[in-house]
Amino acid sequence: MTRVCVIGIGHTDFNCMTPDVNWKDIMYEACQKAYADASIDPRKDITSFITCAEDYWEGFSIFDEFVPDQIGAVLRPCCTVCGDGIYGLGTAYMQIQSGLMDVVSIEAHSKVSDLLTYGDVMLHAFDPIYDRPVSGPVERPNYSGLPSYPPENPKPLAGKTDETERVHPYFLAGLEMQHYLRNTNTTEEDCAMIAVKNKKNAFLNPYADYEANITVDHVMKSEYCFKPLKKLDISPNVDGAICFVLANEKITRELGIEPIYLSGFGWCSETPWLSTRGMEAEYAKKSAAMAYKMAGIVNPRKEINIAEIDDRFTYKELQHLEAIGLARKGEAKELLREGALEIKGSIPINSSGGSLGVGNSLEATGLQKSLEIVTQLRGHAGKRQIPDVKVGLAQSWREIPSGSGAVAIFTRG
Amino acid sequence: MTVYDVKKEDIARVSVKNKRNAVGHPCAQLADPNITVEDVLNSEIMAWPVQRLDISPPSDGAAALIYCSEDIVRQYTDDPVWVDGVGWNIDSTMWTNRDLYFPRYVSEAAKMAYKMAGIHNPRKEIDFAEPYDPFDYKELHHMEGLLLCDKGQAPILTREGVTQRDGDLPICPSGGLLGVGNPIAATMGQKACELYWQLSGKAGKRQIPGDPMVGVGQAWGDIMQMATVICMRRG
Amino acid sequence: MEKSNKKEITYPKNPAGTHLRSSDIRNKVITHSWWEPEIQYAWSIGPAMSKFLHGLKEGKILGIHCHKCKRLITPPRSFCEYCYGPTDTWVELKDTGTINTYSISYLDPNANRIEDPILIGVISIDGAYPKPMGFMHYFGEMSKDEIKIGMRVKAVWKPENEREGAITDIKYFKPYGGD
């Protein structure tokens, strides 16, 4: 069976707002760059196209229909995977290894600035019978006696009156963080260090949007949103698009490209029962185990040189590190305190800046993580280049309220 | 209708055939053994030229199939039905910039599936088909897209009875969406189940005579732009 | 499946269906859960479509060339979906065209009956190519018995002060006798 290689990558800049372009424009830009990077003509050379998108983020039912033109897929086999970009890489991997396709394009993006009610869309993903009613509108009288919306605090563009306040669904992260801190003897300061590290790394990444020179103290003094989760523990949303081109090894060699292999991937979904499933990121553990097996990795701590770990919330980086076996349970904070997770450390994590530094790019998160790994493996990471990188891991989570995630492992040839 | 001078009566025949075929399908919502072409032509006008009995209803429903690899299939059955080919294809979003009388995306998806299945002459090698029939004219449109007949010929084959269950090329022997119902995203599952039942001889009252060997199923989606095709073969 | 050495897969035979009406939901005859999502979007339009919409505000239908594919495209876009290259050179098109296909629509989105049916269809705009090249719109000043494929039509614009840069700045297309 052929091995599967990355032959092209392309991406837009990541920005918190992009009012000047529409979703088609950013997809076109990322894909055009990836096709140029691979020196291929999408209309002649690419045999299959995949976009990873969730209808509710986009605001269209059947987003599939709005995809082909801007990725070069008109009258070609093309499909939309409703999930994170790494699921798209996995689908492409299967198409190539089965011999069905030779060259596959995978695109994922975020145009979250077009969405005015992010929290409500996320709440819409909660179980409608048991979870949504108790995390949705809170029936509470207006005690203040003041008008609901005084001039200095006008009614939001979208939102309920204060008689029916809604809880932002990120409260689930607060619940999980509480559990994680207690279970592993990790402190809020440890989590704050993740924000400091990742936002600092982002200074070295030209496409990152949320680089910042902050201290643990800044994070600790930022307001509580969902105690113990503070404002600076949360990765802010960002717009951007990424495209990958994968090919079989024969074509990669013919193009004269030094192969970077997609050597393993895995995916896993836990039950949607929020109150009965564990809070230990079992999805990450199982998807990593699948990916390690495929890539022939026996001792991940020794064999993996760098990793991009889902850090949509600070504690998630630590929790995921332990789940995927790069740290023992409760050990992630020790590695962090020792500096092992820094760019110059023994196992650099989120050298790109991660979602805390680049921004939370929704379904593109897995591809953003993969983009950093491939850039590092190619030796093109500029000031944040880590020497002698041979094996890198990208991990993503499908965010709240899911217990779903995926892992991809890339290896330099 | 305009390009090929197709008569409304011939389109209505599809609906009549499918609603009659659905008699005996355990999940059918709209089976009717006595429906006539006149019933369809006299039904309420929805969006001319589409009338009520030209349309399948949106339905609740689910379909499931179990695939397994060739290596272990003999643990379960001696008579497997093989999935020989799949194809999928999408056309431009900008549908007002292209011709709508022939679905190129269907023919491209069909060619991909036929190539995989080793089918060189679909008209000779395919014994029956389950094209997507949310509206009766779409069955005709999709038969042509699946390369089962020349452009503009599907209404004629229907009129001549070729597409009846006992005809030379049975189309939608399940009763299709017009007879069974339209479970939206589960539609291809419904079509694929019928291919399995027909090819394994388990279709009961709906069984096509003469032990069909090869069947093709097809679904359609998005803004008149997306098709998926599956070919199955008796083991 | 008769042979005993095979693994049995069991499943319910012919599960029966139950009739259900929307009044059953309203009257809580069946147990159900109700939720109205509060979901809003404001899509950025992007450079090409923005210019098209500005054109409509001025009473103009704009097109753009793909020189490589020899297309004059409307509605315009920033790239050509066939060659995947950028589009270039804006052109003002006429506000006349030909009906490419149409339907006479008697139902609203919730399948309620509309007494006076809506005429809707696709217009190939004059000057744009290759045919068919154009967009969808309403038809007016013609009866459901008059409308046919190939009919010549012309845009009826909203008054200038009511135009807002939207496809509905054209009210509908009416029969057109000229060339």
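In this predicted model, B:A47 has C:S105 as its bridge partner in β4(C), and that pairing is a useful point from which to enter the contact between chain B and chain C. The strands concerned are β1 of chain B, residues 45–48, and β4 of chain C, residues 96–107, which run antiparallel and are joined by 2 bridges.

Around this strand pairing, the contact draws 21 residues from chain B and 27 residues from chain C. Between them the two chains bury about 2,100 Å², of which 54% lies on carbon and sulfur atoms. On the side of chain B, the residues that lose the most area to chain C are B:Y76, B:T96 and B:N97, which together account for 28% of what that side buries.

The polar and charged features of the interface can be followed next. Between chain B and chain C the count is 1 salt bridge, formed by B:E44 with C:R113, whose closest N and O atoms are 2.8 Å apart. Across the interface, 10 residue pairs are found in polar contact, both residues of each pair being at pLDDT 80 or more. The side of chain B that touches chain C is made up of 9 nonpolar, 6 polar and 6 charged residues.

Turning from the interface to aromatic rings, a search of the whole structure finds 27 aromatic pairs over all chains. One of them is the edge-to-face pair of A:Y93 and A:F265, with 5.0 Å from centre to centre and 65 degrees between the planes. This pair links distant parts of the chain, since A:Y93 belongs to helix α5 (residues 85–97) of chain A and A:F265 to strand β10 (residues 260–269) of chain A, 172 residues apart.

How values were computed
Residues are numbered from 1 along each chain as its sequence is written. Chains are lettered from A and ligands numbered from 1 in the order in which they are written. This is a predicted model: local features need pLDDT of at least 70, side-chain atom pairs count only at pLDDT 80 or more; totals for chains, interfaces and linings use all residues. Side-chain values use heavy atoms; hydrogens and water are left out. Contact means heavy atoms within 4.5 Å. Buried area is the accessible area (1.4 Å probe) that two parts lose on being put together, summed over both. A salt bridge is a side-chain nitrogen of Lys or Arg within 4 Å of a carboxyl oxygen of Asp or Glu. A polar contact is a pair of N or O atoms within 3.5 Å; within protein, one must be able to donate a hydrogen and the other to accept it, and residues adjacent in sequence count only if both atoms are side-chain atoms. Ala, Val, Leu, Ile, Met, Phe, Trp, Tyr, Cys and Pro count as nonpolar, Asp, Glu, Lys and Arg as charged, and the others, Gly among them, as polar. Two strands pair if DSSP finds at least two bridges between them. Helices (H or I, at least four residues) and strands (E, at least two) are DSSP runs, numbered from the N terminus. Rings of Phe, Tyr and Trp (its six-membered ring) pair if their centres lie within 6.5 Å; planes under 30 degrees apart count as stacked, over 60 as edge-to-face and the rest as tilted.
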